[in-house]
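The following exercises introduce a protein through its model. Each task is followed by a solution that proceeds step by step.

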Amino acid sequence: MFPTIVLPPTTLEVLVDWGCLWVPQSLDGDQAVLQRIRKYVKAIHISGLTHVENEEQYSEALENFGNNHLSQNNHELSTGFLNLAVFTREVTALFKNLVQNLNNIVSFPLDSLLKGQLRDGRLDSKKQIEKAWKDYETKVGKMEKEKERSRLAGVIPAEPAAAEVAEDMQRERRLFQLHMCEYLLKASESQMKQGPDFLQSLIKFFHAQHNFFQDGWKAAQNLYPFIEKLAVSLHALHQAQEEEVKQLTQTRDSLRSILQLENKEENLSRKNSGSGYSIHQHQGNKQYGTEKSGFLYKKSDGIRKVWQKRKCGVKYGCLTISHSTINRPPVKLNLLTCQVRPHAEEKKCFDLVTHNRTYHFQAEDEQECVVWVSVLQNSKDEALSNAFKGDVGSGAAAGAGADGGVQELTRLVISEVKNMPGNKQCCDCGAPDPTWLSTNLGILTCIECSGIHRELGVHYSRIQSLTLDVLSTSELLLAVSIGNTRFNEIMEATLPTQDCPKPSAGSDMAARKEYIVAKYMERRYVQKSSRDDPHRLWEAIRARDLLALLQAFAEGHDLAKPLASPEGQDAGELALHMAVRHADRSSLPLVDFIIQNGGTLDRVTPDGNTALHYSALYNQPNCLKLLLKGKAAFATASRGISESTRSYRRIGSGVGKAGPAVSPQSPGGPEDPALSKVPPVPMPRRFAPAKGRQKRVKAVADCKGDKARELTFSKGEVIVVTREEDEQSWVGFIEGDGSRTGVFPASFVHLLQD
């Protein structure tokens, strides 16, 4: 056994051995903080340069403003603006120098410190330390193994060999300590730069800041006496301007009083001369009637006396004049207290003289002026005649009372429409108190969005005003049935909540148009069904469900295509025909929706029947009114009737028992004065009989039709045969009930002999 040689470590050696444990951690933590400091310093530098640029532009604008006042001989104001521009430029130059010092004194040292060369050098030194340590451990392990083998073999190594091994071990240990010292020296250099050197840079920047504030204070002190004098001058200037404004106000008030006095004298002289309010009135041309609406130019009452375009209307003995702003109610003048006076020189102008004011109007041309004057005078004469009669039961008074009742009903319906859910805000932008109605969609919009609706065209939206236009109750039918909330639940079902494209009340017209086009033309926000159901329309109409019909319409189902029922009904009957056939009082809005949005009023079924035919066939007078209101062609309904007048009368008397006569005054429908006189609709072509008398048959058994076009009847009922499709199938209707019609088997009846 050889003696183990142990070299006692010195204090420096112990420090060297343990230096690699705490130095890297400390340096890495400091480096992370310095990275953040460099990031903030760069951000301050960039924002400082932006601030300097804005300050320079601001001082330049002040200088230009001062030069403008100098050209206007405002020397005091010009001097103030120019001096403040110079002061701002000086402070900006000082701040720019400070920002540059921040970059040079703080940012550059941080960049050089964190670029990575010191860290890379420390990494190289650390790798050398790790290699020396591994070599040292390898040799120690090798020596231990040699000692173990010698011990097991019983061999005692020579003294020189043990000394040589101990010397090698000492050399390796010193080599390791050497590399460790080099690493600590580099780490110490990093600590020096991160600590004292960086702090010295911050001290330099502090001096730069001190100089900035000191120089800025000197510049402000130099300008301060001028600012005090300028404040006194501005106070005196302000007082002088107030005195000028006071004098101008007094002059304006005196001019107004003089002009008003002159107007009164002019009116008085006009009355005294007989050209003003006179009992001898201009007579209107009766052919132009008593009602009219349109636009006139009205001369304003101010000093400028400009012509302003206003919407006017004459009805019920009154003239209404709308304001330029929609939210203000129109002026209503009772023509009984007014006189119409055509202008003697200007043929396009006329005056309306009231008890306290004279209105000056101008028409588009001379002929239009004649029409307006005649309508105003005729309406006044009619109102005067009704007032003198005083008989409520007379024809004119009764008509006026009926019109008043319709007006009151319309006002009540409009009030109900305004109070429906969602109708307090615009359907598209949410603006409060919308007053513009889309009659074919049943929604309310504001005036800005209504302009976009008009641009889309009437095949998308038909806009009317609740306050300016005279609406009938039938035009409000969809409005009281749908409303903004129900409509948007369908048309905005998939509207995103985040980054919502829906405009607000303050949005510009471009944003409104983009959204409205997407909503109504593209139907981008409709929740579409996952499956394509061809019977959606049929089911909605059969169930008389208006909202289900609106959903199908929004998803793109075509109202103009023939329908097919789930039971396999033959194609050919359109949505409008089916809606008329199944209509009742509650489903009239559904019929009106198809009329206004389907575009199929004059289409015919394979049997040759239009929707007007169906209205007569199934005893639907209310649908008949809606169709005629929608401009259904009466000529189409009459085409193909080639029977003589006597034959036509015979048909009418022959089928007179089929049901009650169709009349536009029948109860239960939308009472619209415009539809009070409806021409009679001929019987449909499918019931035109063959030459000779119609056959009458009697049912010998009960029969239930499986399809919509098949007739259901009971034993003993009498059927009038109108056509024979073949030997087995006839077409007819139940005698006394014309609404029950269809195909039936000939084997279930026997012929009656008249």
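**Exercise 1: Nonpolar cores**

The largest nonpolar core of this predicted model has 59 residues. Determine which residues have the most contacts inside this core, and which residues I541 is in contact with beyond its neighbours within four places in sequence.

*Solution.* Step 1. The residues with the most contacts inside the largest core are F487, I541, L549, L576, V591 and F593.
Step 2. Once neighbours within four places in sequence are set aside, I541 is in contact with L549, L563, A575, M578, A579, L590 and I594.
Step 3. A second core, separate from the one above, consists of 20 residues, including L296, C312, L335 and Y359.
Step 4. As general background, nonpolar side chains in soluble globular proteins tend to be buried together.

**Exercise 2: Cysteines and disulfides**

Count the disulfides, and explain why the sulfur of C338 and that of C349 are too far from the closest cysteine sulfur for a bond.

*Solution.* Step 1. A disulfide requires two cysteine sulfur atoms within 2.5 Å.
Step 2. For C338, the closest cysteine sulfur belongs to C318 and lies 9.0 Å away, so the distance is too far for a bond. C338 counts as buried, its relative accessibility being 2%.
Step 3. For C349, the closest cysteine sulfur is that of C369, at 6.9 Å, which is likewise too far for a bond. C349 is also buried, at a relative accessible area of 8%.
Step 4. By the distance rule, the count comes to zero disulfides.

**Exercise 3: The protein as a whole**

State how many helices and strands the protein has, and what percentage of its residues are buried.

*Solution.* Step 1. The secondary structure comprises 17 helices and 15 strands.
Step 2. Of the 754 residues, 38% are buried.
Step 3. The exposed area is about 43,300 Å², of which carbon and sulfur atoms supply 55%.
Step 4. Among contacts with a separation of 6 or more, 65% join residues 24 or more positions apart.

**Exercise 4: Confidence**

Identify which elements have the lowest and the highest mean pLDDT, and where pLDDT stays under 50.

*Solution.* Step 1. The average pLDDT of the protein is 77, and 77% of the residues score at least 70.
Step 2. The lowest mean among the elements, 31, belongs to helix α17 (residues 645–654), and the highest, 94, to strand β9 (residues 443–445).
Step 3. Residues 271–280 stay under 50, and the model has 12 contacts for them beyond four places in sequence.
Step 4. Residues 390–400 also stay under 50, with seven such contacts beyond four places in sequence.

Methods: Residues numbered from 1 in each chain as written. Predicted model: local features only at pLDDT ≥ 70, side-chain atom pairs only at ≥ 80, totals over all residues. Heavy atoms only, no water. Buried < 20%, exposed > 50% of the residue type's maximum accessible area, 1.4 Å probe, protein only. Core = buried A, V, L, I, M, F, W, Y, C linked by side-chain atoms within 4.5 Å. Contact = heavy atoms within 4.5 Å. Helix = DSSP H or I, 4+ residues; strand = E, 2+ residues; numbered from the N terminus. Areas by Shrake-Rupley, 256 points an atom, 1.4 Å probe, with all protein chains shown as cover. pLDDT = per-residue confidence, 0-100.
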